[in-house]
Amino acid sequence: MRIPCTLMGQTRCHAAMTRIVNLWLLCLLLIALPFAAMAQDDADDGQALLEALDVRSFQDKAEAIEAIIQSEDERANDWLQALLDGDLQRHKDDGRFVIITDNVGREWPARDALTGEDVGEISRRELSRIDINNALRSQLRSALSMVELYTGERDERLDAAEGLIGDVDDELADSLESRLDDEADADVRNRLNQALAVYRLEQGEMDAVETLSGSLNSDVRIALSRAAEGEGAVADAARAALVDIEQKLKVNRGLETLYFGLSMGSVLVLAAIGLAITFGVMGVINMAHGELIMLGAYSTWMMQQLLPGHPGLAVLLSIPVGFLVSALVGVIIERSVIQHLKGRPLETLLATFGVSLILQQLVRTVVSPLNRTVTTPEWMSGSVAINDALSLTLNRLYIMAFAVLVFVGLILIMRRTRLGLEVRAVTQNRAMARSMGIRATRVDILTFALGSGVAGLAGVALAQLTNVGPNLGQSYIIDSFMVVVFGGVGNLWGTLVAGLSLGVINQILEPWAGAVLAKILVLVFIILFIQKRPRGLFPQKGRAAEG
Amino acid sequence: MNLWQSMARRDRVFEFLAPAISPVDVRHGPILYMEDVTVSFDGFRAIDNLNLTIDDGELRCIIGPNGAGKTTMMDIITGKTRPDTGDVWFGSRHDLLTMNEPEIASLGIGRKFQKPTVFEALTVFENLELAMTADKRVIPTLTARLTGDVRDRIEEVLTMIQLADQQAQPAGILSHGQKQWLEIGMLLMQRPRLLLVDEPVAGMTEQEMERTAELLTSLAGKQSVVVVEHDMGFVRSIARTVTVLHQGSVLAEGSMDQVQSDPRVIEVYLGESEEAA
Amino acid sequence: MWLSRPFNERSTRLFLLILVLAVTLVTILHLALPPENPLYVSGYTVGLLGKYLCYALLAVAVDLVWGYLGILSLGHGAFFALGGYAMGMYLMRQIGDRGTYGDPVLPDFMVFLNWESLPWYWHGFDMAWFAFLMVLLAPGALALVFGYLAFRSRVTGVYLSIITQAMTFALMLAFFRNEMGFGGNNGLTDFYDILGFDLRSGATRLGLFIASGVALALGYVLCRAIVASKLGRVCVASRDAEARTRFLGYRVERVQLFVFVVSAMLAGVAGALYVPQVGIINPSEFEPLFSIEIVVWVALGGRATLYGAVIGAILVNYAKTVFTGVMPDAWLFALGGLFVVSTVLLPKGIAGVLAYRRKQRNESDTTEVPA
């Protein structure tokens, strides 16, 4: 690639100039805004620059790009980015240059490349794209990164430096080195050093390997493995560094699996913990538990429909709403069906299964048989990068935290409140508790409401991960029962441990077995586990538990 | 006579000839031997270093306050509960800790539960039929026929437990006392070497109690009988040797009079119950 | 002999009589009447009735373990489906080179998946006797392994129900996979003939209907024979007081295993007769919902009666046919309601109501056994 002037000087100068131009433009705008002619004049410059791009030869295009960089036009950045993304297009009829903002469907919304004005939707057949090849792409990226490096905020500079790794050539290397002197931020310096080291490694310098060893960046790894293919001391060092990196990657991959496992596990815990209360503590088999989860998820969707434009607020509000909706439905189920089947667990199972069918069909009829999507609020999207190989998605972190909160809350309710005490009393000896003045029926209702409400909370959380549909609950009911049975009935801690470990086991199995087979293996594992320990991980002991 | 019939016949002959007394070896001492048995539930020691021997043909009464470990002891002997430590031997040949409930039952240890458990959906006759000593494997049970000998034996026990008139009725509609009797009858059908009887006279009338006492004492000698009972009058009427359990271990052992004069026993148990009586 | 015992029972003789009459009547109405006659039974209806009979046999199998043994299996659909798949594999091999791709050995879906040769477990299914044996052995083996593990460690009650449900769920996921070699989610279909008879001909359909009736009769008698034997009384004993039964010296887990395997095999036979009549077997038969539905047929009909299971299966499935034809959306409401009603309001099912009526009619009858 041929870059006619030293980019270093060019860009530095560009930066200074940009500032001046900006100021100047500002003045110009203030003074001469009414004079459209001025703007028109300005546009003509840009038009020429862009027209130079609309040529066949990629070499000519490279020169045109260089010209844009040198033009110090303040819109240059925008153009280059659009060109890189393939969004810079020319209208076939009037020759206008536009930057499309969305390329879904047939009609694409776009803005004028020169004025920035919104030009509405243009049929994609009327547009022709300015094509680029890989060499141009690399040129564009380097140029954009350099601009960012000089003008950007800290995070932008960091991204720019990271983008440069593997794309550094002779000329860029010089300018990077001088930039390194000016850079104050340690992280950015680190990145720049890596970018330079990759370049120097390509030149066969030994000390570059040292700088690069331990880096988890994928471009660094590519450079190292390229270097490792050769012979000699550098190649040997590169090989050693690669082994070291592989090791680190393995650890990171392990951590990632653990993270995904724990987050899946916390979903399982959320789904199962309500069941642990109704099934474990009260001994009631509620097959409609999954549908209570589903109702919680639908509450979230409902709240977002009611509060358009405030997805975050809606999600927060749906926590109490989801709880109440599911708790209410739970109480209705308890009063209308379950209380009549006391002491007949198998019949309870069947009857509540019937209820689950009714609830599913109800949602299908009233809302829709189709899936609904819940918007993820802004503060829940994105991820936290721990290092190059490991980043944690925020929504899963939130759900883990939520699961912990719900769990702690339940433990506190069971241990510290009057209700918890009464629940435990009724569980252990109903007649005795009654004779001591505990209203067993009321305790039943409250316990069931609590368990069902927690199912609703699980639904609120699940709505952030999957689509909300009438079958949502069905896919969780068997898993939830597995978790409760695995953990030991009547033991909230057991549910926590079982849920988390099943989540992790599933994630460990998935890469080599595939999602479906992993699920089958987990089910088989639990079936076998129950053989060995019929009362779960943490069984209740003693004569009373034998019944 | 075809092959099938001859097979069936041999089966019957075998059952008829089968020794009613299981090969338990009591030449070298007691029929039941428990040593240093301990079992705990969640840290609570239900049985704590229990030592107990029952001689062949003995009638032993076991008393003790609630929670003394009487029922748990029976659970251990019959294989329902496994002790944490200790030895339990039936005769000198059979280590009961290595066997499961049906194996122990077929060795000749019969048990009557504290709460009478009879099969309520089955008739009295059928209850006894199931209890009878026979080849209890699946296929022989499937093909089993009600022979005259079986019928005779059931009739005999029916008379003994005075339920001959109710034999066609489901056991569920019997009175509490009758259920107790039925359960004892089921024990008799098994012809066990060792009978474990948990509170046999609970819910019985005075008359029924007397008859039970008579029955149990008549069994002793041929069979060993261990009776757990709360009713002191009943214990006094049948007991030769009495063992007092307290907090999972043996507190005292001896004749009724010896035990009653033991100050420790008076303190934990008898004193209170005599005052109450 | 123990197998002949049921013929001494009035209820069994009555049941068999009704069954024989019904099957004969349908056959006569189908064959002897012209299609214009309002009493004419169409080929479609014959197929439908044959399907009901298969379901009835399945329900009898479930009632044997649930009613008499107290084991609520929520996975009997899996045994039904396995029997169905064994039959489906036979029918698939019978297609020969008449498939779309014309491969003489490989079924169409394998050619489609670019498989080179037949997987080992597909061998032998070209022979009818082997396939029919597998109809019994495949579900039997699954029940044997599963039951052995479950009963040995005394997994009972609700726990057992839930892991049977997990079993059928896991199998459903497995059979949905193309790699399993059972046609993935399309299952096995497009059959041509069975034992040389064209599956699309009316005569074959009628034959299958009669075969289903015979299978139901035989299955019923077998179950009745088990129930009326001493083993049946041991079953009831272990259902009501499992520990007590053990103390009497019965190996309860073996009794449970034996009856469970017999029941699974009956379910397999039902599945095998079902597949040629509906012309397809796919993983949806493994769905937990289907298995639970079977239980509701039994619950509605009345458990521990066997004939109640037959009544329940036929009634519910007739209702399903009517409902899904008239208002498909309402069927799940109706089914859900049925679950609730049959457990809360009719704990003894229709058979219980019948028995109560009979009892009211002749109060003097003291031999009546309360269920």
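These are my notes on two interfaces and some annotated spans in this structure.

**Entry 1: what I'm looking at.** The model is predicted. I started with the domains of chain A. The assignment splits the chain into domain 1 (1-85 + 131-203), domain 2 (87-129) and domain 3 (252-374 + 394-546).

**Entry 2: domain 1 against domain 2, chain A.** I looked up who touches whom: 14 residues of domain 1 of chain A and 10 residues of domain 2 of chain A are in contact. About 1,200 Å² is buried between these two domains, with carbon and sulfur atoms giving 51% of it. On the domain 1 side, Leu50(A), Ala82(A) and Asp131(A) supply 34% of the area buried against domain 2, more than any other three residues.

Then I went after the charges. I get 2 salt bridges between domain 1 and domain 2 of chain A. I pulled up the one that joins the side chains of Arg90(A) and Asp54(A), 2.9 Å from N to O. The polar contacts across this interface come to 5 residue pairs. Helix 2 (36-51) and helix 4 (76-85) of chain A are the elements giving two or more residues to the domain 1 side. I sorted the residues of that side and got 6 nonpolar, 2 polar and 6 charged.

**Entry 3: annotated spans in chain A.** The unreviewed UniProt entry puts "transmembrane region" at 258-285, 313-333, 397-414, 443-463, 483-505 and 512-530 of chain A. I checked two of them in the model. Residues 258-285 are 86% helix and 0% strand, with the end C-alpha atoms 31 Å apart. Residues 313-333 come out as 100% helix and 0% strand, and their end C-alpha atoms lie 30 Å apart.

**Entry 4: chain C against chain A.** How many residues does the contact take from each chain? I find 41 from chain C and 38 from chain A. The buried area is about 3,500 Å², and carbon and sulfur atoms give 81% of that. Tyr159(C), Ile162(C) and Phe333(C) supply 18% of what chain C buries against chain A, more than any other three residues.

Polar links here: I find 1 salt bridge across the interface of chain C and chain A. Arg303(C) makes it with Glu347(A), the closest N and O atoms being 3.5 Å apart. Polar contacts between the two chains amount to 2 residue pairs.

For the chain C side, I listed the helices that each supply at least two residues: helix 5 (128-152), helix 6 (157-176), helix 11 (288-301) and helix 13 (330-344). Helix 6 of chain C gives the most, with 13 residues. By type, the chain C side divides into 29 nonpolar, 8 polar and 4 charged residues.

Notes. Residues numbered from 1 in each chain as written. Chains lettered and ligands numbered in written order. Predicted model: local features only at pLDDT ≥ 70, side-chain atom pairs only at ≥ 80, totals over all residues. Heavy atoms only, no water. Domains from an automatic or database assignment. Contact = heavy atoms within 4.5 Å. Buried area = accessible area lost by both parts, 1.4 Å probe. Salt bridge = Lys/Arg side-chain N within 4 Å of Asp/Glu carboxyl O. Polar contact = N/O pair within 3.5 Å; in protein donor to acceptor, adjacent residues only side chain to side chain. Helix = DSSP H or I, 4+ residues; strand = E, 2+ residues; numbered from the N terminus. Nonpolar A, V, L, I, M, F, W, Y, C, P; charged D, E, K, R; others polar. UniProt positions renumbered as here; feature names shortened; annotations may be inferred.
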